[in-house]
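Here's a quick walk through a two-chain model, written for someone who would rather look than scroll through tables. Have the viewer open as you read.

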Amino acid sequence: MLINTRSPLPDTGAPGPGAGPGTALRPGLVAGTGDVLRVDDLHVSVHHGAAMAVRGISLRVRAGEIVGLVGESGSGKTLTCRAALGVLPAGCAIEGGTVSFAGRDLTAAPRREWERVHGSGMGAVFQEPASYLNPSISVGGQLTEVLRVKQALGRRAAHQRALELFEAVGLRQPGRVFHQIPAELSGGMLQRVMIAIAISCGPRLLVADEATTALDVTIQAEVIELLRQLRDETGLAVLFVSHDLALVTELCDRVVVCYAGEVVESGPVQEITERPRHPYTQGLLQVASVGDFRRRELRVIAGQPPRVGADITGCRFAARCPAAIPACGTGSVSFVTVDYQHQVRCVRARDAAIAGELVAR
Amino acid sequence: MTATATLPPPGAPPLLAMESVDVILGRGWRAAKVLSGVDLRIWPGEIVGLVGETGSGKTTLARTVVGLVPPARGRIVFDGTTISQLRPRARRAVRRRGHVQLVFQDPLRSLDPDLTVDEIVGEGPRIRGEADSAEIRRRVIAALEQVGLDATLLDRTPGQISGGQRQRVSIARALAADPRLLICDEPVSALDASSRNYILRLLQQLRDSLGLPIVVISHDLSSLAGIADRVVVLYRGRIVEDGPVEQVFAAPRHPYTALLMASAPSVRHDRPLSPRQLRRADTDPAPPGSPEACVFAHRCPFAAAACAEQPALEPAGERWSVACHRREEWGALARNRPR
Amino acid sequence: MVLAGVAFLAAFGSLLAPQNPLNINANALFQGPGLHHLLGTDYLGRDVLSRLMAGTRLSVLTALEAVGIGLVLGAAPGIATVFLGRWFDFAANRVADALMTLPSIFFVVAVTAALGNGLVQAMVPVGVLLAPAFFRVTRAATLEHARAQYVEAAELLGASKLHVIRVHVLRKVLPNIAVTTAMMTAAALLTVSFLTFLGIGVQPPAPTWGGILSSDLDYLNQAPWAALIPGALIAITVGALNALADAFRDRSSAGTLSLADPVIAINPALERAYADQHSQSVA
């Protein structure tokens, strides 16, 4: 029996499943159509233009959808996520492509416009919650500060709302947690506090960048259940960035696989899991946790990813690819649609021989 | 790759035995009991996976075995000799023999950034001082080869090599001391899936070629999956389950073990139990609040009146022990809970 | 560069002085700077330049002597105390505290009164007074490194404390010691000048910077150059020493894997990629 509790969200204008108790979280929510986030052909340079770390990544997140962005270090997933949030670090710049939120192009938008979007449009949680919280102020105080600044709530109303939010993210005894400082809370609880802060102003998109990597595995399971619940109840769209493909397949509706600054495959999670077409995706599936803890042969993807920003002619995975042919080394490889919403960047995308090499079970 | 678990012959004496070990860290009012009543035995040639989440005491256990932390109670016996409670000089002599080695969790912190790989890996033999520099060089190169690194790295410093290579240098340093037991503290947590499998495979090869027993400490099951013969589950300083991998994972006897298995992300969504079935819900009765209650009771959906007393580790099969009062009943109860 | 010049003077000053600094020439009192006497003469007709050059040696050497005493008395226990256990550390800290509370001038006067009024004898108490600073700094620096995981790893291999100090700790603590030495030399130089200004520890007519300053101060109206120049010399040297200390400090913190790089700081995984750039082997 599959534990697949993903509720298929209609891609129409009909109000989503937000009619239940979840509306208490977001008054005035409308589950709309169209893309909440759209990244088109993004190019990002690092080290003040010295290297091109992201080379044409595109992705879309629709309302109520959970999209997983997977890749190892250097794949460009983190920079893409930061660009989507408008918080690229110093020395990095968008060299091409666009970032649009709810139809508005924000690529070259000034700081002020981004600040309007932060909080009420999109919220974010990152890997180490403790480093994003003031260690000497109570977590409740930090949440109410956000509420009072961004939503101009009065003190009592903000306090009440904060307690509601803490309860909505699964914190037991919200009244007690309110007055505790970050050092008194565990990693899982802190991450829930961060999620509460991120959704406090009713955003349409939540970006989670390795949000569960630093958590214990049992707490990780709880947090992804929370994300799924938030999506089910409020139609929140989620961009979930992780290096762990297994985790992404647990939570996400669609998966985008990155390698060396490019998207190499994207599609519905079932397609990616059962019919992966790119050799890198196939390799990832073979090494990912397969839920079998008994003794077995462990597979490895040979080789190392290329240096960040390395210039390579042809396919960027060819050097490590077990299915590489001479054609892989010439010219750029285009994104090809192989199935409904399933696209691959591979010269041999339509090659039956590759499709036959499915995940070893 | 060997497909069958290597079980030591019955009755053989263990290489390492921890007997009723308590460890207390901190002084005065800040003192906390980090390990309680730990009974652990390691036999030659086996790979043991020690699993524990934050606060379980697993790193403290590793540090206690190698003597960086003295046990408050109990003793540790290696190959017939008690190695806990030694005076510093005797302890140093024992260490120079290199029998038990520890690979630390973070190679960035456990490798001296100012030393070259040659100096780091050769530190053990140099301290022992029993061989000349040419011989030590040979041993360093041999140790590096065993972890799949070659001599070109000899003159590099830790800052000049990759994270995966640093981890392997750390392992090579332990190997150069000619250990008879290797403890690896979270060797793969910071690595991606492919590098993780590479290191795990490497450890397995070391056990196969050297007969070296290895304890792999980790915070989740995926990090020792595939190579462990035996799994030991630690919760808040107590061992709750300890048994052969095939049997424990086919049918865990402790609800926490089952929770760990259910929570682990996997690409195959075919779990026998879901995490929700193994977590306390608000509708479950409150667990017993006595200070001697089972360490897991506060999180256990199946806690009953009997659980007001900490269960002892009792045999549940061949070389398999569990600390749970309700080990026979909770399985059926879990299956009846909503997913 | 200033320091190189001063060092040179200290070594060879007395040999190079154009004229005998002790030569009293009653005919040439208070001459302004001129061809014969480049910096003029003082109230006894002695050539100021020669006196300064000769005085450099005395001042600098005695300052260095004091620093040397301070270093040995302070740095060595500073490193050792981290490894010798809590009682030794407690005792050493209390000794350092006591020394720091001593009023410096009175202490020096008292010691020279007991040992005799020579410059060398005066430097011993100055060295003792400098020692606590060395102790504190080296102790703090050693503490930082003595608890590192690579030290624990070395202990697991059976390393003795001496091995740990020699292989792991010493080279990391040396930059701190160098910085402190430069700063303490400046302090010692000031103290020497002050003491010789007061007339402690030096017998006239031997020239020292402070001594010259003191003796010529009375005649500021008639021969300002004679007094001002030693003062300026002291100030410049002290400033140069502090700059040297800063340079030591900057150099010792450079060259580490720079996590200040913002791209790397935001993502430890990127740090791995960055480090991977430098490697050529597989995985």
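In which sense do strand β3 and strand β9 of chain B pair, and over how many bridges? They run parallel, with five bridges joining residues 47-52 of β3(B) to residues 230-235 of β9(B). Keep in mind that this is a predicted model.

## The sheet in chain B

That pair belongs to something bigger: an open, mixed sheet of eight strands in chain B, ordered β6-β7-β8-β3-β9-β10-β12-β11. Zoom in on the β3–β9 pairing and you'll find B:Gly49 sitting opposite B:Val231 of β9(B). As background, strands in a sheet pair through backbone hydrogen bonds, in either the parallel or the antiparallel sense.

Now look at the ends of the sheet. β6 (100-103) and β11 (314-317) of chain B are the edge strands; each has a single partner strand, so one side of each has no neighbour in the sheet. Going from one strand to the next, the twist averages 25°.

## Helices across the sheet

Two helices of chain B are worth picking out here. Helix α8 (residues 193-210) of chain B lies across β3, β7 (181-185) and β8 (214-218), and its direction makes an angle of about 160° with β8(B). Helix α10 (residues 255-263) of chain B lies across β3, β9 and β10 (238-244), running at about 105° to β9(B). β3(B) turns up under both descriptions: it is crossed by α8(B) and by α10(B).

## Chain B as a whole

Zooming out, chain B holds 11 helices and 12 strands. Its C-alpha trace spans about 70 × 45 × 40 Å along the principal axes. The radius of gyration is 21 Å, which agrees with the value near 20 Å for a compact globule of 339 residues. Buried residues make up 52% of the chain. Among contacts between residues at least 6 apart in sequence, 63% join residues at least 24 apart.

The domain assignment splits chain B into domain 1 (16-238) and domain 2 (251-335). Their centres, taken over C-alpha atoms, are 30 Å apart. Where the two domains touch, domain 1 of chain B puts in nine residues and domain 2 of chain B puts in 10. On the domain 1 side, that comes to four nonpolar, one polar and four charged residues.

## Where the chains meet

The contact between the chains takes 34 residues from chain A and 36 residues from chain B. On the chain A side, α7 (217-234), α8 (245-251) and α10 (279-287) each supply at least two residues. Which of the helices gives the most to that side? It's α8(A), with five residues. By type, the chain A side divides into 16 nonpolar, nine polar and nine charged residues.

## A closer look at chain A

α10(A) is mostly covered, with nine of its nine residues buried. Among them are A:Pro279, A:Tyr280, A:Leu284 and A:Val287.

Over in α7 of chain A sits A:Leu227. Is A:Leu227 buried or exposed? With 22 other C-beta atoms within 10 Å, A:Leu227 counts as buried, because the cut-off for that label is 20 or more. Leaving aside residues up to four places away in sequence, A:Leu227 touches A:Ala208, A:Val238 and A:Leu251. A:Phe240 lies 13 residues from A:Leu227 along the chain, and their C-alpha atoms are separated by 9.7 Å.

Technical notes
Residues are numbered from 1 along each chain as its sequence is written. Chains are lettered from A and ligands numbered from 1 in the order in which they are written. This is a predicted model: local features need pLDDT of at least 70, side-chain atom pairs count only at pLDDT 80 or more; totals for chains, interfaces and linings use all residues. Two residues are in contact if their C-beta atoms, placed from the backbone, lie within 7 Å. Helices (H or I, at least four residues) and strands (E, at least two) are DSSP runs, numbered from the N terminus. Ala, Val, Leu, Ile, Met, Phe, Trp, Tyr, Cys and Pro count as nonpolar, Asp, Glu, Lys and Arg as charged, and the others, Gly among them, as polar. The radius of gyration is taken over C-alpha atoms; the globule rule is 2.2 Å times the number of residues to the power 0.38. A residue is buried if 20 or more other C-beta atoms lie within 10 Å of its own, exposed if 12 or fewer, and partly exposed in between; C-beta atoms are placed from the backbone. Domain bounds come from an automatic or database domain assignment. Two strands pair if DSSP finds at least two bridges between them. Axes are lines fitted to C-alpha atoms, for helices over the stretch in contact, and angles run from 0 to 180 degrees between N-to-C directions.
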